[in-house]
Amino acid sequence: MNKKYLFTPGPTTVPPECLLAMAQPIIHHRTSEYREIFAEVRENLKYVFRTENEVLTFTSSGTGAMEAAVANFLSGGDRVLVVKSGKFGERFAEIAAAYGVEVTAIDVEWGKAVNPEMIKSHLGNDVKVVYTALCETSTGAANDIQRIAEVVSASPAVLVVDAISGLGAMELETDKWGVDVVVSGSQKGLMIPPGLSFVSVGEKAWGLVEKSDLPKYYFDFRKVKKAQEQSDSAFTPAISLIIALRESLRMLKEEGIENVISRHGRLAEATREAMKSLGLELFAGVPADAVTAVKVPAGMDGSAFVKHLRGKGVSIAGGQAHLKGKIFRLAHLGYMDMFDILQMISAVEVGLNEVGYEVELGNGVRAAEEVFLEKETPFKFLA
Ligand SMILES: *Cc1c(COP(=O)(O)O)cnc(C)c1O
(Lines give C-alpha, C1' and ligand atoms only; values in the text may rest on other atoms or scores of the structure.)
Protein backbone atom coordinates (compact mmCIF):
# COMPACT_ATOMS: atom_id res chain seq x y z
CA MET A 1 0.00 0.00 0.00
CA ASN A 2 1.20 3.49 -0.76
CA LYS A 3 -0.92 6.15 0.85
CA LYS A 4 -0.67 9.51 -0.94
CA TYR A 5 0.28 12.75 0.80
CA LEU A 6 -0.04 15.94 -1.21
CA PHE A 7 2.14 18.82 0.01
CA THR A 8 2.50 20.67 -3.29
CA PRO A 9 1.49 24.28 -4.07
CA GLY A 10 -1.22 23.05 -6.39
CA PRO A 11 -3.00 20.84 -6.82
CA THR A 12 -3.84 20.71 -3.13
CA THR A 13 -5.85 18.22 -1.08
CA VAL A 14 -9.60 18.28 -1.76
CA PRO A 15 -11.86 18.04 1.32
CA PRO A 16 -14.30 15.08 1.47
CA GLU A 17 -17.25 17.52 1.32
CA CYS A 18 -16.12 18.61 -2.14
CA LEU A 19 -15.27 15.10 -3.35
CA LEU A 20 -18.75 13.91 -2.39
CA ALA A 21 -20.38 16.91 -4.05
CA MET A 22 -18.63 15.98 -7.29
CA ALA A 23 -19.91 12.39 -7.06
CA GLN A 24 -23.53 13.54 -7.46
CA PRO A 25 -25.31 12.84 -10.76
CA ILE A 26 -24.75 15.64 -13.23
CA ILE A 27 -27.47 18.27 -13.57
CA HIS A 28 -28.22 20.53 -16.51
CA HIS A 29 -26.92 24.09 -16.34
CA ARG A 30 -29.83 25.87 -18.02
CA THR A 31 -32.03 25.24 -15.00
CA SER A 32 -33.08 27.18 -11.93
CA GLU A 33 -31.35 24.49 -9.84
CA TYR A 34 -27.97 25.34 -11.39
CA ARG A 35 -28.57 29.09 -11.36
CA GLU A 36 -29.27 28.94 -7.64
CA ILE A 37 -25.98 27.12 -7.03
CA PHE A 38 -24.06 29.55 -9.22
CA ALA A 39 -25.67 32.57 -7.56
CA GLU A 40 -24.34 31.37 -4.21
CA VAL A 41 -20.91 30.67 -5.71
CA ARG A 42 -20.78 34.19 -7.24
CA GLU A 43 -21.58 35.81 -3.90
CA ASN A 44 -19.07 33.75 -1.95
CA LEU A 45 -16.34 34.27 -4.55
CA LYS A 46 -16.75 38.02 -4.02
CA TYR A 47 -16.37 37.42 -0.30
CA VAL A 48 -13.13 35.45 -0.71
CA PHE A 49 -11.79 37.84 -3.39
CA ARG A 50 -12.60 40.78 -1.06
CA THR A 51 -14.44 42.65 -3.81
CA GLU A 52 -17.83 43.96 -4.80
CA ASN A 53 -16.99 43.36 -8.46
CA GLU A 54 -18.07 40.34 -10.45
CA VAL A 55 -15.61 37.43 -10.33
CA LEU A 56 -15.58 36.02 -13.87
CA THR A 57 -15.31 32.23 -13.87
CA PHE A 58 -13.79 30.15 -16.68
CA THR A 59 -13.21 26.48 -17.36
CA SER A 60 -9.42 26.39 -17.62
CA SER A 61 -6.37 26.15 -15.42
CA GLY A 62 -5.09 29.39 -13.88
CA THR A 63 -2.98 30.23 -16.92
CA GLY A 64 -6.16 30.62 -18.98
CA ALA A 65 -7.23 33.47 -16.71
CA MET A 66 -3.72 34.98 -16.98
CA GLU A 67 -4.03 34.92 -20.76
CA ALA A 68 -7.53 36.41 -20.53
CA ALA A 69 -6.10 39.23 -18.40
CA VAL A 70 -3.84 40.10 -21.32
CA ALA A 71 -6.28 39.59 -24.23
CA ASN A 72 -9.10 41.62 -22.66
CA PHE A 73 -7.24 44.72 -21.48
CA LEU A 74 -4.86 45.50 -24.33
CA SER A 75 -4.50 46.36 -27.96
CA GLY A 76 -1.65 45.51 -30.33
CA GLY A 77 1.41 47.66 -29.62
CA ASP A 78 0.30 48.66 -26.10
CA ARG A 79 2.99 48.76 -23.41
CA VAL A 80 2.82 46.77 -20.17
CA LEU A 81 5.06 46.44 -17.15
CA VAL A 82 5.75 42.90 -15.97
CA VAL A 83 7.45 42.00 -12.71
CA LYS A 84 9.68 39.03 -13.53
CA SER A 85 10.55 37.61 -10.15
CA GLY A 86 10.09 33.97 -11.02
CA LYS A 87 8.50 31.48 -13.36
CA PHE A 88 5.00 32.95 -13.19
CA GLY A 89 6.12 36.52 -13.74
CA GLU A 90 7.91 35.23 -16.82
CA ARG A 91 4.70 33.60 -17.96
CA PHE A 92 2.88 36.95 -18.06
CA ALA A 93 5.71 38.37 -20.17
CA GLU A 94 5.49 35.40 -22.55
CA ILE A 95 1.72 35.72 -22.90
CA ALA A 96 1.94 39.47 -23.55
CA ALA A 97 4.67 38.92 -26.15
CA ALA A 98 2.54 36.24 -27.85
CA TYR A 99 -0.23 38.84 -28.25
CA GLY A 100 2.07 41.45 -29.77
CA VAL A 101 2.14 43.62 -26.66
CA GLU A 102 5.30 45.60 -25.81
CA VAL A 103 6.75 44.33 -22.54
CA THR A 104 8.91 46.32 -20.16
CA ALA A 105 10.24 43.80 -17.67
CA ILE A 106 11.37 44.53 -14.15
CA ASP A 107 13.85 41.77 -13.55
CA VAL A 108 13.96 40.77 -9.92
CA GLU A 109 16.44 38.23 -8.63
CA TRP A 110 14.51 35.00 -8.04
CA GLY A 111 13.64 34.67 -4.36
CA LYS A 112 13.46 38.42 -3.84
CA ALA A 113 10.35 40.60 -3.67
CA VAL A 114 9.95 43.46 -6.12
CA ASN A 115 10.64 46.91 -4.72
CA PRO A 116 7.41 48.89 -5.29
CA GLU A 117 9.51 52.02 -5.93
CA MET A 118 10.96 50.23 -8.97
CA ILE A 119 7.45 49.91 -10.34
CA LYS A 120 6.80 53.57 -9.57
CA SER A 121 9.88 54.65 -11.48
CA HIS A 122 8.75 52.73 -14.58
CA LEU A 123 5.19 54.05 -14.64
CA GLY A 124 4.68 56.54 -17.41
CA ASN A 125 1.63 57.55 -19.33
CA ASP A 126 2.19 54.81 -21.86
CA VAL A 127 2.09 51.88 -19.41
CA LYS A 128 -1.41 50.38 -19.66
CA VAL A 129 -1.16 47.45 -17.27
CA VAL A 130 1.19 46.27 -14.50
CA TYR A 131 1.41 42.51 -13.95
CA THR A 132 2.75 40.96 -10.75
CA ALA A 133 2.07 38.10 -8.32
CA LEU A 134 0.99 38.06 -4.67
CA CYS A 135 2.92 34.83 -4.06
CA GLU A 136 5.53 33.91 -6.68
CA THR A 137 5.03 30.18 -6.22
CA SER A 138 8.26 29.23 -8.00
CA THR A 139 10.42 31.01 -5.41
CA GLY A 140 8.15 31.19 -2.35
CA ALA A 141 8.51 34.98 -2.26
CA ALA A 142 5.70 37.40 -1.36
CA ASN A 143 5.26 40.79 -3.01
CA ASP A 144 3.94 43.85 -1.17
CA ILE A 145 0.69 44.19 -3.11
CA GLN A 146 -0.74 46.85 -0.80
CA ARG A 147 2.14 49.23 -1.53
CA ILE A 148 2.24 48.29 -5.22
CA ALA A 149 -1.49 49.05 -5.50
CA GLU A 150 -0.90 52.44 -3.87
CA VAL A 151 1.74 53.27 -6.46
CA VAL A 152 -0.18 51.96 -9.49
CA SER A 153 -3.58 53.41 -8.54
CA ALA A 154 -1.98 56.88 -8.52
CA SER A 155 -1.17 56.36 -12.22
CA PRO A 156 -3.37 55.69 -15.27
CA ALA A 157 -2.22 52.04 -15.30
CA VAL A 158 -4.30 49.07 -14.20
CA LEU A 159 -2.86 46.55 -11.71
CA VAL A 160 -3.28 42.82 -12.40
CA VAL A 161 -2.32 40.53 -9.51
CA ASP A 162 -1.72 36.83 -10.01
CA ALA A 163 -3.13 35.43 -6.77
CA ILE A 164 -3.43 31.90 -8.09
CA SER A 165 -1.57 30.53 -5.07
CA GLY A 166 -1.97 33.54 -2.76
CA LEU A 167 -5.76 33.76 -2.67
CA GLY A 168 -7.14 32.38 0.58
CA ALA A 169 -3.64 32.03 2.03
CA MET A 170 -2.41 35.61 2.31
CA GLU A 171 -4.01 38.96 3.01
CA LEU A 172 -5.30 40.56 -0.19
CA GLU A 173 -7.80 43.39 0.26
CA THR A 174 -8.76 43.78 -3.38
CA ASP A 175 -11.18 46.73 -3.12
CA LYS A 176 -9.73 48.36 -0.02
CA TRP A 177 -6.20 48.40 -1.44
CA GLY A 178 -7.35 49.42 -4.92
CA VAL A 179 -6.25 46.26 -6.74
CA ASP A 180 -7.97 46.44 -10.15
CA VAL A 181 -7.77 42.82 -11.23
CA VAL A 182 -7.17 39.58 -9.32
CA VAL A 183 -6.53 36.30 -11.12
CA SER A 184 -6.86 32.92 -9.43
CA GLY A 185 -7.39 29.21 -9.96
CA SER A 186 -9.32 26.39 -8.34
CA GLN A 187 -6.63 23.89 -7.29
CA LYS A 188 -4.79 25.86 -4.61
CA GLY A 189 -6.33 27.81 -1.73
CA LEU A 190 -9.83 27.14 -3.05
CA MET A 191 -9.33 23.43 -2.32
CA ILE A 192 -11.00 21.85 -5.37
CA PRO A 193 -9.45 20.02 -8.35
CA PRO A 194 -7.80 21.90 -11.25
CA GLY A 195 -10.13 23.15 -13.96
CA LEU A 196 -11.57 26.53 -12.97
CA SER A 197 -9.96 29.94 -13.22
CA PHE A 198 -11.18 33.31 -12.00
CA VAL A 199 -10.72 37.00 -12.72
CA SER A 200 -12.20 39.83 -10.68
CA VAL A 201 -12.38 43.03 -12.72
CA GLY A 202 -12.73 46.53 -11.26
CA GLU A 203 -14.15 49.63 -12.91
CA LYS A 204 -10.84 51.11 -14.07
CA ALA A 205 -10.00 47.82 -15.77
CA TRP A 206 -13.42 47.61 -17.48
CA GLY A 207 -12.45 50.89 -19.14
CA LEU A 208 -9.58 49.04 -20.83
CA VAL A 209 -11.85 46.14 -21.82
CA GLU A 210 -14.01 48.54 -23.84
CA LYS A 211 -10.97 49.71 -25.85
CA SER A 212 -9.12 46.41 -26.28
CA ASP A 213 -8.76 45.10 -29.84
CA LEU A 214 -6.80 41.89 -29.19
CA PRO A 215 -8.51 38.71 -30.45
CA LYS A 216 -10.57 36.64 -28.02
CA TYR A 217 -13.75 34.63 -28.09
CA TYR A 218 -14.17 32.07 -25.29
CA PHE A 219 -12.39 34.37 -22.82
CA ASP A 220 -14.25 37.56 -23.80
CA PHE A 221 -14.96 39.29 -20.47
CA ARG A 222 -18.02 41.18 -21.79
CA LYS A 223 -19.78 38.00 -22.88
CA VAL A 224 -19.01 36.20 -19.63
CA LYS A 225 -20.03 39.12 -17.41
CA LYS A 226 -23.35 39.53 -19.19
CA ALA A 227 -24.21 35.86 -18.67
CA GLN A 228 -22.96 35.74 -15.08
CA GLU A 229 -25.08 38.68 -14.04
CA GLN A 230 -28.08 36.40 -14.64
CA SER A 231 -26.25 33.63 -12.74
CA ASP A 232 -26.02 32.03 -16.14
CA SER A 233 -23.00 30.83 -18.05
CA ALA A 234 -21.99 31.89 -21.56
CA PHE A 235 -20.94 28.33 -22.36
CA THR A 236 -21.34 24.94 -20.70
CA PRO A 237 -19.71 25.38 -17.27
CA ALA A 238 -17.70 22.69 -15.48
CA ILE A 239 -20.84 21.87 -13.51
CA SER A 240 -19.28 19.36 -11.09
CA LEU A 241 -16.44 21.72 -10.24
CA ILE A 242 -18.85 24.59 -9.60
CA ILE A 243 -20.81 22.33 -7.25
CA ALA A 244 -17.59 21.36 -5.47
CA LEU A 245 -16.68 25.05 -5.26
CA ARG A 246 -19.97 25.80 -3.56
CA GLU A 247 -18.88 23.43 -0.78
CA SER A 248 -15.34 24.78 -0.42
CA LEU A 249 -16.56 28.39 -0.41
CA ARG A 250 -19.06 27.50 2.30
CA MET A 251 -16.21 26.04 4.35
CA LEU A 252 -14.06 29.17 3.87
CA LYS A 253 -16.96 31.43 4.77
CA GLU A 254 -17.82 29.41 7.84
CA GLU A 255 -14.22 29.60 9.07
CA GLY A 256 -14.11 33.31 8.19
CA ILE A 257 -11.58 34.66 5.69
CA GLU A 258 -9.55 36.44 8.41
CA ASN A 259 -9.23 33.11 10.26
CA VAL A 260 -8.34 31.30 7.05
CA ILE A 261 -5.53 33.79 6.43
CA SER A 262 -4.23 33.63 9.99
CA ARG A 263 -4.34 29.81 9.91
CA HIS A 264 -2.11 29.90 6.83
CA GLY A 265 0.17 32.38 8.60
CA ARG A 266 0.59 29.98 11.50
CA LEU A 267 1.12 26.91 9.29
CA ALA A 268 3.73 28.83 7.29
CA GLU A 269 5.54 30.04 10.39
CA ALA A 270 5.65 26.52 11.82
CA THR A 271 7.07 25.19 8.55
CA ARG A 272 9.74 27.91 8.40
CA GLU A 273 10.77 27.38 12.03
CA ALA A 274 10.94 23.63 11.46
CA MET A 275 13.25 23.99 8.46
CA LYS A 276 15.52 26.44 10.30
CA SER A 277 15.73 24.11 13.28
CA LEU A 278 17.00 21.40 10.93
CA GLY A 279 19.82 23.72 9.92
CA LEU A 280 18.25 24.44 6.53
CA GLU A 281 18.00 27.88 4.95
CA LEU A 282 14.92 29.50 3.47
CA PHE A 283 15.21 30.65 -0.13
CA ALA A 284 12.87 33.65 -0.19
CA GLY A 285 13.81 37.04 1.24
CA VAL A 286 10.21 37.80 2.17
CA PRO A 287 8.63 34.35 2.45
CA ALA A 288 5.02 33.87 1.35
CA ASP A 289 2.47 32.11 3.54
CA ALA A 290 1.29 29.75 0.77
CA VAL A 291 4.54 27.87 0.14
CA THR A 292 7.99 27.66 1.73
CA ALA A 293 11.02 27.30 -0.53
CA VAL A 294 14.01 25.68 1.17
CA LYS A 295 17.59 25.72 -0.10
CA VAL A 296 18.99 22.29 -0.83
CA PRO A 297 22.15 21.90 1.28
CA ALA A 298 25.47 21.79 -0.58
CA GLY A 299 26.36 18.35 -1.83
CA MET A 300 22.80 17.07 -1.80
CA ASP A 301 20.84 16.26 -4.97
CA GLY A 302 17.55 18.13 -4.52
CA SER A 303 15.77 16.45 -7.42
CA ALA A 304 16.67 12.99 -6.09
CA PHE A 305 15.27 13.98 -2.68
CA VAL A 306 11.92 15.06 -4.16
CA LYS A 307 11.83 11.86 -6.21
CA HIS A 308 12.70 9.74 -3.17
CA LEU A 309 9.78 11.16 -1.18
CA ARG A 310 7.45 10.71 -4.13
CA GLY A 311 8.39 7.04 -4.15
CA LYS A 312 7.05 6.87 -0.60
CA GLY A 313 3.76 8.48 -1.62
CA VAL A 314 4.75 11.96 -0.41
CA SER A 315 4.54 14.76 -2.97
CA ILE A 316 6.51 17.93 -2.36
CA ALA A 317 7.68 20.26 -5.13
CA GLY A 318 11.19 20.73 -6.44
CA GLY A 319 12.65 23.85 -8.01
CA GLN A 320 11.72 25.10 -11.48
CA ALA A 321 13.99 26.32 -14.29
CA HIS A 322 17.47 27.22 -12.97
CA LEU A 323 16.34 26.36 -9.41
CA LYS A 324 15.85 22.70 -10.35
CA GLY A 325 17.70 20.63 -7.77
CA LYS A 326 18.59 23.78 -5.80
CA ILE A 327 15.43 24.21 -3.73
CA PHE A 328 12.49 22.14 -2.58
CA ARG A 329 9.09 23.63 -1.86
CA LEU A 330 6.62 22.72 0.89
CA ALA A 331 3.05 23.94 0.57
CA HIS A 332 0.91 24.91 3.53
CA LEU A 333 -2.01 25.77 1.36
CA GLY A 334 -5.71 25.02 1.36
CA TYR A 335 -7.22 22.13 3.30
CA MET A 336 -4.42 21.85 5.87
CA ASP A 337 -4.12 22.09 9.62
CA MET A 338 -1.28 21.63 12.10
CA PHE A 339 -1.24 17.86 11.91
CA ASP A 340 -0.82 17.96 8.14
CA ILE A 341 2.19 20.21 8.67
CA LEU A 342 3.65 17.84 11.27
CA GLN A 343 3.31 14.93 8.82
CA MET A 344 4.98 17.00 6.12
CA ILE A 345 7.88 17.98 8.36
CA SER A 346 8.28 14.42 9.60
CA ALA A 347 8.43 13.22 5.98
CA VAL A 348 11.17 15.78 5.25
CA GLU A 349 13.18 14.70 8.31
CA VAL A 350 12.87 11.01 7.48
CA GLY A 351 13.52 11.60 3.77
CA LEU A 352 16.63 13.71 4.36
CA ASN A 353 18.14 11.01 6.55
CA GLU A 354 17.27 8.32 4.03
CA VAL A 355 19.03 10.14 1.19
CA GLY A 356 22.10 10.53 3.39
CA TYR A 357 21.72 14.08 4.69
CA GLU A 358 21.58 13.64 8.42
CA VAL A 359 19.36 15.88 10.48
CA GLU A 360 18.44 15.46 14.13
CA LEU A 361 15.18 13.48 14.07
CA GLY A 362 12.27 15.29 15.66
CA ASN A 363 13.89 18.73 15.75
CA GLY A 364 11.69 20.11 12.98
CA VAL A 365 8.53 18.54 14.32
CA ARG A 366 9.26 19.96 17.76
CA ALA A 367 9.95 23.44 16.41
CA ALA A 368 6.64 23.38 14.57
CA GLU A 369 4.76 22.10 17.61
CA GLU A 370 6.25 24.93 19.63
CA VAL A 371 4.86 27.42 17.13
CA PHE A 372 1.46 25.75 17.33
CA LEU A 373 1.53 25.74 21.12
CA GLU A 374 2.92 29.30 21.13
CA LYS A 375 5.77 28.22 23.35
CA GLU A 376 8.44 30.86 23.76
CA THR A 377 10.95 28.56 25.41
CA PRO A 378 12.22 25.26 24.02
CA PHE A 379 9.76 22.48 24.68
CA LYS A 380 10.78 20.12 27.48
CA PHE A 381 9.17 16.71 27.67
CA LEU A 382 9.32 16.58 31.49
CA ALA A 383 9.17 20.17 32.63
C1 LIG B 1 -0.11 27.60 -10.10
C2 LIG B 1 0.20 28.97 -10.53
C3 LIG B 1 0.00 29.41 -11.85
C4 LIG B 1 -0.40 28.49 -12.97
O5 LIG B 1 -1.64 27.99 -12.86
P6 LIG B 1 -2.09 26.72 -13.74
O7 LIG B 1 -3.37 26.38 -13.05
O8 LIG B 1 -1.02 25.68 -13.63
O9 LIG B 1 -2.29 27.20 -15.12
C10 LIG B 1 0.25 30.72 -12.15
N11 LIG B 1 0.70 31.58 -11.22
C12 LIG B 1 0.94 31.20 -9.96
C13 LIG B 1 1.46 32.20 -8.98
C14 LIG B 1 0.69 29.89 -9.57
O15 LIG B 1 0.93 29.51 -8.31
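Helix α3 gives the largest share of the shell around the ligand, three residues. This is a predicted model, in which local features need pLDDT of at least 70, side-chain atom pairs count only at pLDDT 80 or more, and totals for chains, interfaces and linings use all residues. Residues are numbered from 1 along each chain as its sequence is written, and side-chain values use heavy atoms, leaving out hydrogens and water.

Let's look at the ligand. It is surrounded by 13 residues, where a residue is near if one of its heavy atoms lies within 4 Å. The closest are S61, T63, T137, D162 and K188. By type, the shell divides into four nonpolar, six polar and three charged residues; Gly counts as polar here. The table lists polar contacts, which are pairs of N or O atoms within 3.5 Å.

| Residue | Atom in the residue | Distance to a ligand oxygen atom |
|---|---|---|
| G62 | backbone N or O | 2.8 Å |
| T137 | polar side-chain atom | 2.4 Å |
| Q187 | polar side-chain atom | 2.8 Å |

Taken alone, the ligand exposes 380 Å², and the protein buries 89% of that; a 1.4 Å probe is used for such areas. The elements giving two or more residues to the shell are α3 (62-71) and α4 (87-98).

Now turn to helix α8 (residues 203-211), whose buried residues (under 20% relative accessible area, 1.4 Å probe, protein chains only) are A205, W206, L208 and V209. Why are they on the same side of α8? Because they cover an arc of only 155 degrees around the axis. On the other side of α8, E203, E210 and K211 are exposed (over 50%). The cover over the buried residues includes β2 (55-59), β5 (127-133) and α9 (221-228), among others, with contact meaning heavy atoms within 4.5 Å.

Technical notes: Helix = DSSP H or I, 4+ residues; strand = E, 2+ residues; numbered from the N terminus. Arc of directions from axis to C-beta. Polar contact = N/O pair within 3.5 Å; in protein donor to acceptor, adjacent residues only side chain to side chain.
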